[in-house]
Amino acid sequence: MFTRHLYALFLACLFHPFASHAADTQQSLLGNTPARSGEVKSVLEREPVKEAACKHIPTGPIETTQCDYETIESVTDELYNELHALVETPFFKYFRADLYRECPYWQENGFCMNRECGITTVDESEIPERWRAAELSKIEMPVGAQRTELPGCYYRDSDYCFLDDMTEGDYIDLTLNPERFTGYAGPSAHRVWKAIYEENCFGMSAWDVLPESSPNKALGILPDSMKSTDDAEDPKECLERKVYYKVVSGLHASISTHICHDTMNQTTGEWGPDLKCFISRVAAYPERLQYIYFDAVLLLRAVARLGPYLTAYDYCASGTHEDDAETLARLTRVVDVARAVGRFDETALFRGANADVLKEEFKDHFRNVTRIMDCVGCDKCRLWGKVQTTGIATALKILFELDEKALDPKANTNLLQRSEVVALLNTLHRLVESLHMVQDFRRMWAESGAEEEAQLVAEAASAHKARHSPGANSHDGPQRVLADVLERIACWVRACRDGTLGCIRGFVDGIQDMLEAAFSVFQLSGKDQAPRSEL
């Protein structure tokens, strides 16, 4: 009998950390038709508002920000129009990147053979001389002592990404290489996203960065306007980890929205939006759309802080200063909107005695994400991956590394590289364009009849099951549990590698999970209790 109890305890310790994951899988939005249909409708049948509401009581707050969905929706059209024209100006449409650096993490053989994966480059002679690598390197490249170098790239202490060192790379006109469906999929693409999400492995928690005198460690890290009832459910959930996950998931959802909005119809050969694709990838999971809003607010806040620097920047290509008048005018309007609605309190993060340690950990993780872009086996996907991860990394640097003195354009004229400025505004455009595209999908949904709506949802559910359901003779269940166990161990090992404090915290959390699992073995099943209303 005692042996059986020990065996049960061992199994509980092994599987307990993944119980919530299993429950999430069972409750997948695409696994239950009524719930799935409701979630899809909540995304596609929403009517966007036209008047900002940030100055009033928020009716739909965006978690961990100080604004709401209605406010962002009210300025989406204006922002989209200004940004869409802005990124087509000479300064913002040319981007230089090294797309052929080897993957630093694994041997990548999954190159996309579809012609849509290719890119159109621009000869250096077409680039204004002052924007060429040779000229920019004279004024932008920090001296060796101020940077950490790797083959083909480097980073400074304040950077959240790896930046190309200008020794290699091509000039690319982003307007000639739109982000859309390329056919790049399968194990190679899944491996990239899996690696990106695995970077969300932090050795410290919010408990480590709050002062011991904090009366409520669960909520003390957030100002009242940024608190959520969800934070009280898991007091050890690190706010920085939440932000990291939201940032990455919002980027993922935005990319999926662009892919679904610009897909080639295999029957007609025409390009256009695919509603079924959008339902399957985004609409059936409303939180994914919410994360796009979150990223938009984050970047708007960065643009608002960077406003004086951006408006003082020289966007002139010819030296006459006549051709940059429109660029500066549009950029000024974008900055004005950003100041009005970019409500994010960056001071709520990285607080407490060990905050610097956590910030370095966060920074290292996102730097790794930018390096993972070298593992993408599709040139166009790699290009836009580099642009957008650099744009987000630039926003993070503006929010968490630079004070008001550093942002002063008179005191720090070479604060950012040209590539960072281009990436920041193009990434904001990508996010706002995604929200603009959602309106197109909503119109398509509104034009569908009830029968067609049901068919779209059913087809999306079938596609999801085909991707995720194991076959009759599959052993995917045990293998997946084993993989989860190994990933959990790997996460702890990585925390130990990054620092002793994180290693100890991971060990303590593991022991706590085991104790909770042990107690759960001997708890009543609950079958004799009354039904709970939330089930």
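Three exercises on helix packing and salt bridges follow, each with a worked solution.

This is a predicted model: local features need pLDDT of at least 70, side-chain atom pairs count only at pLDDT 80 or more, and totals for chains, interfaces and linings use all residues. Numbering starts from 1 along each chain as its sequence is written, and side-chain values use heavy atoms, leaving out hydrogens and water.

**Exercise 1.** Classify the packing of helix 7 and helix 9, and list the residues in contact.

Solution.
- Locate the elements. Helix 7 spans residues 187-198 and helix 9 spans residues 239-261. Helices are DSSP runs (H or I, at least four residues) and strands are E runs of at least two, numbered from the N terminus.
- Take the geometry. The angle is about 160°, and the axes are 10 Å apart. Axes are lines fitted to C-alpha atoms, for helices over the stretch in contact; angles run from 0 to 180 degrees between N-to-C directions.
- Classify. Helix 7 and helix 9 are therefore roughly antiparallel. The cut-offs: under 35 degrees is roughly parallel, over 145 roughly antiparallel, 65 to 115 roughly perpendicular, the rest oblique.
- List the contact (heavy atoms within 4.5 Å). Helix 7 gives Trp193, Ile196 and Tyr197; helix 9 gives Tyr244, Tyr245, Val248, Ser249, His252 and Ile255.

**Exercise 2.** Do the classification for helix 9 and helix 11, then place Ser249.

Solution.
- Helix 11 covers residues 286-305. Its axis and that of helix 9 come within 7 Å and cross at roughly 110°.
- The two helices are therefore roughly perpendicular.
- Ser249 lies in helix 9. Ser249 touches Tyr197 and Tyr291, not counting residues up to four places away in sequence.
- Its relative accessible area is 6%, so Ser249 is buried. Buried means under 20%, exposed over 50%, partly exposed in between (1.4 Å probe, protein chains only).

**Exercise 3.** Trace the salt bridges of Glu82 with Arg330 and Arg333.

Solution.
- Set the criterion: a side-chain nitrogen of Lys or Arg within 4 Å of a carboxyl oxygen of Asp or Glu. The whole structure has 24 salt bridges.
- Take Arg330. The closest N and O atoms of Glu82 and Arg330 are 3.0 Å apart. Glu82 is in helix 4 (residues 69-86) and Arg330 in helix 13 (residues 325-341), so the pair ties together parts 248 residues apart in sequence.
- Take Arg333. Its N to O distance to Glu82 is 2.8 Å.
- Check burial. Glu82 is buried at 13% relative accessibility. Arg333, at 36%, is partly exposed.
- Join the pairs. Shared partners link Glu82, Glu326, Arg330 and Arg333 into one network.
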